[in-house]
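Please walk through this structure step by step, beginning with how its chains are arranged and ending with the details of its backbone.

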Number of protein chains: 2
Amino acid sequence: MPKNAEIIACGSELLTPQRTDTNSLAITDQLNLLGVEVIQKVVVGDDRERLADAIRGALKRAEIVVICGGLGPTEDDVTREAAAAALNRRLVLSLEQESILIARFRQINRPMAKNNLRQAYLIEGAEAMPNPHGSAPGQFVSTERGALALLPGPPRELKPMLENELVPRLRPVLPPQEICVRTFRITGIGESDLDALIAPVYGKYTNPVTTVLSAPGDLFVHLRARADTRAQAEALLREVGNPIAELLGDRVYSTDANESLEMVVARMLRQKRATVASAESCTGGLLAARLTETPGSSHTFLGGFVTYSEVQKREVLGIPGDLLAKHSAVSEPVAAAMAEAVRKRAGSTYALSTTGYAGPDGGTHFDPVGTVYIGVATPDGTRVTRVRYTPDRWRVRTLAAQSALDLLRREMLKSSR
Amino acid sequence: MPKNAEIIACGSELLTPQRTDTNSLAITDQLNLLGVEVIQKVVVGDDRERLADAIRGALKRAEIVVICGGLGPTEDDVTREAAAAALNRRLVLSLEQESILIARFRQINRPMAKNNLRQAYLIEGAEAMPNPHGSAPGQFVSTERGALALLPGPPRELKPMLENELVPRLRPVLPPQEICVRTFRITGIGESDLDALIAPVYGKYTNPVTTVLSAPGDLFVHLRARADTRAQAEALLREVGNPIAELLGDRVYSTDANESLEMVVARMLRQKRATVASAESCTGGLLAARLTETPGSSHTFLGGFVTYSEVQKREVLGIPGDLLAKHSAVSEPVAAAMAEAVRKRAGSTYALSTTGYAGPDGGTHFDPVGTVYIGVATPDGTRVTRVRYTPDRWRVRTLAAQSALDLLRREMLKSSR
């Protein structure tokens, strides 16, 4: 019988228009991998009564309750008190935690304020979870139906404690089961077209659970299967994942959830011992920034030019003035000439170029705002692709850089065959 | 007597590790401007019983309850039913909404599925809020203590409805009061140093409410005052805001919440009829991308070079080989030479350069990973600033681009005096 969880994020700053709770995403990820579904999330301010009420509600609804934030040393930090009240337990001073705190302050050579002692109090029956990155220990409490955990709010304290301390303590509380996941990262297709393509496959299954997520020009399909054995979970993933992989073909740029398109391009360039250079107009440096985002990119990226004006295109890249005059700067011949010029100039294997109308001004009847020509110069010749996006400056620039990376990836795929 | 609000976001995708609720930020912003504080936020999946329970709890805790999402046409969309159940009211078919739906489908020349009729049902006594961007109307219900509102989930449908339909309906429900806000956007100081500087001023006041937010290299101080009259609210803002402005001095780059540092730099360049160009090593195009992010930047940005290798620095920028050999590429003289070379080459008023160790590899004993030299060439000479950041590639690149923009801003401030 699978168990459910509820996550409570505590902190008045999370109730402002500027800040959203993101800790719950990391917690959800780890809980899902344990086969636990999150059924509700709550954000409460630093208010002891409201927090205690929220915890009481969560304990009624879910077997696992995870609370993050509010473990600091000040009066504002009310999570310990609120959780103890909700569980009808006392808070007791832990001499062990007290000496850990004292040692910590001695080590950084700072006096310990009296307030800090608040962090040495544990809920009766709770196990302390050590925090190597801060002064607040976490707490783990076994309950009748499952467990309640307190985690610190700062992500760099929360994440290691979640993975190293909480997950190992939750595993024995949960029914044994195996979870397997499979991920596709996809570009070159819109979200609704993607869903129309693959929903007929995954729609028939509730296990694996399929999630489709989208960012501009970047889609993400995630399958998560659970079963009694690893072999069964993997068989379920194959049953749904293999037909999806076939339908998507080379639109899948990675099956690693953490590998971005620029990482794939950098990896392929390294494998081929190939190099790239860029000549950008409308993307204004975004493409070079992505080509240099990956560590070690100095081995694969030779150089970039941001030639925003016609003068720069002529003087820096040597694009002939009559070509610019005849076709205009935003045109197929100019995109090709830019890519070829920078490839020759940098002496790189490949070169990419962009020229287009990012808006809000500019554009012509035939090439309205949102139109971009993307050039890819290769050892076998130069190809230019014309793309047209929704006329929003941020989207046009972001999507054009993404398309340029993907066109380079596809060129490299071709030449590997 | 100020009123409180609770926001409920409905949608199973908001309980996955990949997606967080952001609608509540826009809703909180508008509620705060009405003088309403948000005391709790809840995320629930597409589950009618759980959602109805959450709404019942919210109606007990808060005078204003705003629910977003779950107004679509499918069986998954349960918000109408759940809200009606929580209020103990019926759902009734609105003939007016039915005819709006029919007209909408006729206009886009598509048959209306039977399911779509679900969107024409209103909670008994509710007022429909028109949705020009989608098929789901919002709903506004006056309750004994205040109001309950249903808004659609997609942000481009939610935001206009929030501002144009919900806010005007909430205003008469709320006690009359005036809200005034003041914002400082700041760079060149860390979050804890900033707080140590200004907390002695704002810490004495609960009205205005002061919020300090931070992104890497970018801080945000927000004051919000409420009073019976506009003059009183503005006086409160002056009482706290003026001493803060004095303490921060020219670290404040804008007092407009929506004006980013690149927008300020572009505005100052335009005002001075000046231009800029860039030569980047470790920032790899990020700086050019920010200099070209603002519409119309083709008037102020003349061109950019991403010279990642020593060869490129020599061949493209003409940095003398012996300068590189003597000082290494990451050095003050090379940063100065890069800025001067690109200024001359592009014929711009100003030029910026970056050269440093973004990591993870590289660095020397004197210039470890995280060290960046930033050059600013101006009509009055060239200045190089050495900065050192936490050795994290993403942070080093982001912070160096931010610092370069800020150094240019400060140069322009100086020459305006």
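**Two chains, one shared sheet, and some local details**

The buried residues of helix α7 in chain B pack against β9 (178-186), α6 (191-202) and β11 (218-227) of chain B, and this helix will be taken up again below. Keep in mind throughout that the model is a predicted one.

A good place to begin is the relation between the two chains. In general, two copies of a chain are related by a rotation about an axis and a shift along it. Here, a rotation of 180° with 0.1 Å of shift along its axis superposes chain B on chain A, and the RMSD is 0.1 Å. The two copies are thus related as by a two-fold rotation axis.

Where the chains touch, the contact takes 47 residues from chain A and 45 residues from chain B. On the side of chain B that touches chain A, at least two residues each come from α1 (23-33), β2 (37-44), α2 (48-61), β10, α9 (286-291) and β14 (301-306), and β2(B) gives the most, with 7 residues. Because 100% of the interface residues of chain B are also interface residues in chain A, the copies meet through the same surface.

The chains also share a sheet. It is an open sheet of 10 strands with mixed pairing, and its order is β17(A)-β16(A)-β15(A)-β13(A)-β14(A)-β14(B)-β13(B)-β15(B)-β16(B)-β17(B). At the edges stand β17 (381-388) of chain A and β17 (381-388) of chain B, each with a single partner strand, so one side of each is left without a neighbour in the sheet. From one strand to the next, the twist averages 10°. Within chain A, strand β13 (residues 276-280) and strand β14 (residues 301-306) run parallel and are joined by 5 bridges; in one of these strands, β14(A), A:Phe301 is the bridge partner of A:Val276.

We can now return to helix α7 of chain B. At 1.5 Å a residue, its 19 residues (230-248) should span 27 Å, and because its end C-alpha atoms are 26 Å apart, the expected and the computed values agree. The helix nevertheless has a kink of about 30° at B:Gly241, shortly before the proline B:Pro243. Which residues of α7(B) are buried? They are B:Ala233, B:Leu236, B:Val240 and B:Gly241. An α-helix has 3.6 residues a turn, so residues three or four places apart point the same way. After the helix comes B:Gly249, whose phi is positive, near 55°.

The backbone has some further features that deserve a look, since most residues other than glycine have a negative phi, and most peptide bonds are trans. The peptide bond from A:Asn207 to A:Pro208 is cis, with omega near 5°, and A:Pro208 lies in the loop between α6 (191-202) and β10 (209-215) of chain A. In chain B, the bond from B:Asn207 to B:Pro208 is likewise cis, with omega near 5°, and B:Pro208 sits in the loop between α6 and β10 (209-215) of chain B.

Positive phi values occur in chain A at residues other than glycine. A:Asn88, in the loop between α3 (79-87) and β4 (91-93) of chain A, has a phi near 60°, and because it has 8 C-beta neighbours inside 10 Å, A:Asn88 counts as exposed. A:Ser328 is placed in the loop between α11 (321-327) and α12 (332-346) of chain A and has a positive phi of about 75°; with 15 other C-beta atoms within 10 Å, A:Ser328 is partly exposed.

Methods: Residues are numbered from 1 along each chain as its sequence is written. Chains are lettered from A and ligands numbered from 1 in the order in which they are written. This is a predicted model: local features need pLDDT of at least 70, side-chain atom pairs count only at pLDDT 80 or more; totals for chains, interfaces and linings use all residues. Helices (H or I, at least four residues) and strands (E, at least two) are DSSP runs, numbered from the N terminus. The expected span of a helix is 1.5 Å times one less than its number of residues. The bend at a residue is the angle between axes fitted to the seven residues ending there and the seven starting there. A residue is buried if 20 or more other C-beta atoms lie within 10 Å of its own, exposed if 12 or fewer, and partly exposed in between; C-beta atoms are placed from the backbone. Two residues are in contact if their C-beta atoms, placed from the backbone, lie within 7 Å. Copies are superposed by least squares on the C-alpha atoms of residues with pLDDT of at least 70 in both. Two strands pair if DSSP finds at least two bridges between them. Axes are lines fitted to C-alpha atoms, for helices over the stretch in contact, and angles run from 0 to 180 degrees between N-to-C directions.
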